[in-house]
Amino acid sequence: MMCCNCRYNCTLLALIAGVIAGVAAAFLLITGGLTVTPVFLAVAFAVAVVYLGVLVATVSVRRVAASCLCRTLRVVLAGILGTAAASVILLLTGVVATSVLSAILVGLLAFFFVLMIVGSACYVRCLADCED
């Protein structure tokens with residue numbers, strides 16, 4: 001069995017961590033404690049694009065049918081696509097430290113980036129055939 005027998009839902013943990021990171025990033029941007037540069041946004045976009053390619057290669061090589069893998073894969077894909085979209089939007093519009101809209105978009109970027117990273121850990125956990 002794959003990680004479907006585990007005691008807790010790892011994807012829920014990814015969503016909670018993403019929400020916490022998103023709220024913290026939005027708060028820090030609006031208060032001036034966080035500075036977002038175009039280089040950071042370009043790197044976030046590049047990480048999402050490269051990770052999408054790695055994920056496609058991984059899924060095409062290892063074909064395992066399990067519902068937990070599909071559920072985790074949906075979370076990872078949402079994180080990748082959300083990170084790419086939020087970083088492109090922020091690159092096109094620019095980030096203003098006192099703007100509420102910029103704070104919301106940076107919060108969304110942080111949410112999706114953390115969702116991508118923690119979802120990846122969940123995906124690896126499922127592939128490793130956990131038995132908690």
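This is a short tour of a predicted model, stop by stop, with something to select at each one.

**Before you click**

Residues count from 1 along each chain as its sequence is written, and side-chain values use heavy atoms, with hydrogens and water left out. Because this is a predicted model, local features need pLDDT of at least 70 and side-chain atom pairs count only at pLDDT 80 or more, while totals for chains, interfaces and linings use all residues.

**The whole chain**

Start with a cartoon view. You should find four helices and zero strands, in the order α-α-α-α along the sequence. Helices here are DSSP runs of H or I with at least four residues, strands are runs of E with at least two, and numbering goes from the N terminus.

Now colour by pLDDT, the predictor's confidence in each residue, from 0 to 100. The average for the protein is 84, and 86% of the residues score at least 70. Confidence is highest in H1, at a mean of 92, and lowest in helix H3 (residues 67-93), at 87. As a rule, coordinates should not be read in detail where pLDDT is low.

Switch on the surface. About 7,300 Å² is exposed, and carbon and sulfur atoms supply 76% of that; accessible areas come from the Shrake-Rupley method with a 1.4 Å probe, and for residues only the protein chains shown count as cover. Of the 132 residues, 37% are buried. Buried means under 20% relative accessible area, exposed means over 50%, and partly exposed is in between (1.4 Å probe, protein chains only).

One more overall number: take contacts (heavy atoms within 4.5 Å) between residues at least 6 apart in sequence, and 86% of them join residues at least 24 apart.

**Stop 1: Cys 10 and Cys 122**

Select these two and show sticks. They form the one disulfide in the structure, with S to S at 2.0 Å; the cut-off for calling a disulfide is a pair of cysteine sulfur atoms within 2.5 Å. The link is left-handed, with -80° about the S-S bond. Cys 10 sits in helix H1 and Cys 122 in helix H4, so the pair ties together parts that are 112 residues apart in sequence. Both cysteines are buried.

**Stop 2: the nonpolar patch**

Go back to the surface and select Phe 27, Leu 28, Ile 30, Val 100, Ile 104 and Leu 108, which make a nonpolar patch of about 540 Å². Patch residues have over 30% relative accessible area and no salt bridge; like charges are joined within 9 Å, and nonpolar side chains (Val, Leu, Ile, Met, Phe, Trp, Tyr) within 5 Å. A salt bridge, for that purpose, is a side-chain nitrogen of Lys or Arg within 4 Å of a carboxyl oxygen of Asp or Glu. Helix H1 (10-31) and helix H4 (100-127) each supply at least two residues of the patch. Click on Phe 27 in helix H1: at 55% relative accessibility, Phe 27 counts as exposed.

**Stop 3: Ala 25**

Stay in helix H1 and pick Ala 25, which is buried at 9% relative accessibility. Show what is around Ala 25: beyond neighbours within four places in sequence, the contacts are Leu 34, Val 106, Gly 107 and Ala 110. For a distance label, try Ala 25 to Leu 108, which are 83 residues apart along the chain with C-alpha atoms separated by 8.8 Å.

**Stop 4: Gly 32**

Step into the loop between H1 and H2 for Gly 32. This glycine is exposed, with a relative accessible area of 51%. From Gly 32, draw a C-alpha to C-alpha line to Thr 98: 66 residues apart in sequence, 7.8 Å apart in space.

**Stop 5: Val 59**

Next is helix H2 (residues 38-61), where you'll find Val 59. At 30% relative accessibility, Val 59 counts as partly exposed. Leaving aside neighbours within four places in sequence, Val 59 is in contact with Leu 73 and Tyr 123. The C-alpha atoms of Val 59 and Leu 73 are separated by 9.4 Å, across 14 residues of chain.

**Stop 6: Gly 79**

Finish in helix H3 with Gly 79, buried at a relative accessible area of 0%. Not counting residues up to four places away in sequence, Gly 79 touches Phe 112, Leu 115 and Met 116. Add Ala 48 to the selection too: Gly 79 and Ala 48 are 31 residues apart in sequence and 8.3 Å apart in space, C-alpha to C-alpha.
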